[in-house]
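Visitor: Could you give me a close account of how the strands in this model pair with one another? I should also like to know which side chains and loops bear on that arrangement.

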Amino acid sequence: RGEKQEVRVLTATIQPGGKTPFHTHRFPVTVYVLEGTFTLELEGRPAVLVKAGESFVEPPNVKMTGYNRHQSVPMKVVIFYVSDPDTPFLDVLH
């Protein structure tokens, strides 16, 4: 929306049994799973399983959390998004 937009690329590892905080994004976020399976729970929608080699676009302004439900294998993702430079990646919900 702003005059300066940045493409950002992050990597993340979620340990077995781990999860992300309950949160929203202010912009679409594309998640590509490198290893493992990512279980996404988006408010008002059925859970989505994203396996290694697959991607999913997390919509903006939707409450969500993600899990690595495997008990022994870490889950690794690459995250792509475009935003204004000072926009936080996520907003944690309580």
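Strand pairing and its surroundings

Guide: S4 and S7 pair in the antiparallel sense, and four bridges join them. Here strands are DSSP runs of E with at least two residues, and helices are runs of H or I with at least four, numbered from the N terminus; two strands count as paired if DSSP finds at least two bridges between them. The model is a predicted one, in which local features need pLDDT of at least 70 and side-chain atom pairs count only at pLDDT 80 or more, while totals for chains, interfaces and linings use all residues. Residues are numbered from 1 along each chain as its sequence is written, and side-chain values use heavy atoms, without hydrogens or water.

Within the pairing of S4 and S7, Leu-42 has Met-64 in S7 as its bridge partner. Strand S4, residues 37-42, also runs antiparallel to strand S5, residues 48-51, again over four bridges. There Phe-38 is matched with Val-50 in S5. S4 and S5 form a hairpin with five residues between them, and in its turn Gly-44 has a positive phi of about 80 degrees.

A salt bridge (a side-chain nitrogen of Lys or Arg within 4 Å of a carboxyl oxygen of Asp or Glu) also involves S4. Glu-41 meets Arg-69 in such a pair, at 2.8 Å from N to O. The two residues link distant parts of the chain, as Glu-41 belongs to strand S4 and Arg-69 to the loop between S7 and S8, 28 residues apart. Glu-41 is partly exposed, with a relative accessible area of 32%, and Arg-69 falls into the partly exposed class as well, at 45%. In this classification, buried means under 20% relative accessible area and exposed over 50%, with partly exposed in between (1.4 Å probe, protein chains only).

Next comes the open sheet. Four strands lie in the order S1-S8-S3-S6, with antiparallel pairing. S1 and S6 stand at the edges with a single partner strand each, so one side of each has no neighbour in the sheet.

Strand S3, residues 29-35, pairs with S6 in the antiparallel sense over four bridges. S3 also pairs with strand S8, residues 75-83, where the sense is likewise antiparallel and the bridges number six. Val-31 illustrates both contacts of S3: Phe-56 stands opposite Val-31 in S6, and Ile-79 is the bridge partner of Val-31 in S8. In the pairing with S8, Thr-30 is matched with Phe-80. Val-82 is also found in strand S8, and Val-82 is partly exposed, with a relative accessible area of 42%.

The loop that follows S6 deserves attention. Asn-61 is placed between strand S6 (55-58) and strand S7 (64-67). Most residues other than glycine have a negative phi. Asn-61, which is not a glycine, nevertheless has a positive phi of about 60 degrees. Asn-61 is exposed, its relative accessible area being 60%.

Asn-61 is also among the residues in contact with Thr-24, where contact means heavy atoms within 4.5 Å. Leaving aside neighbours within four places in sequence, Thr-24 touches Asn-61, Val-62, Lys-63, Leu-90, Asp-91 and Leu-93. Thr-24 lies in strand S2, residues 23-24, and is buried at a relative accessible area of 13%.

One of those contacts, Asp-91, takes part in a salt bridge with Arg-26, in which the closest N and O atoms are 2.8 Å apart. Because Asp-91 lies in strand S9 (residues 91-92) and Arg-26 in the loop between S2 and S3, this pair ties together parts that are 65 residues apart in sequence. Asp-91 is partly exposed, at a relative accessible area of 22%, and Arg-26 is also partly exposed, at 43%.

By the same rule the count of salt bridges comes to three. One of them joins Arg-8 to Glu-6, with the closest N and O atoms 3.2 Å apart. Arg-8 is buried, with a relative accessible area of 18%, whereas Glu-6 is partly exposed, with 34%.
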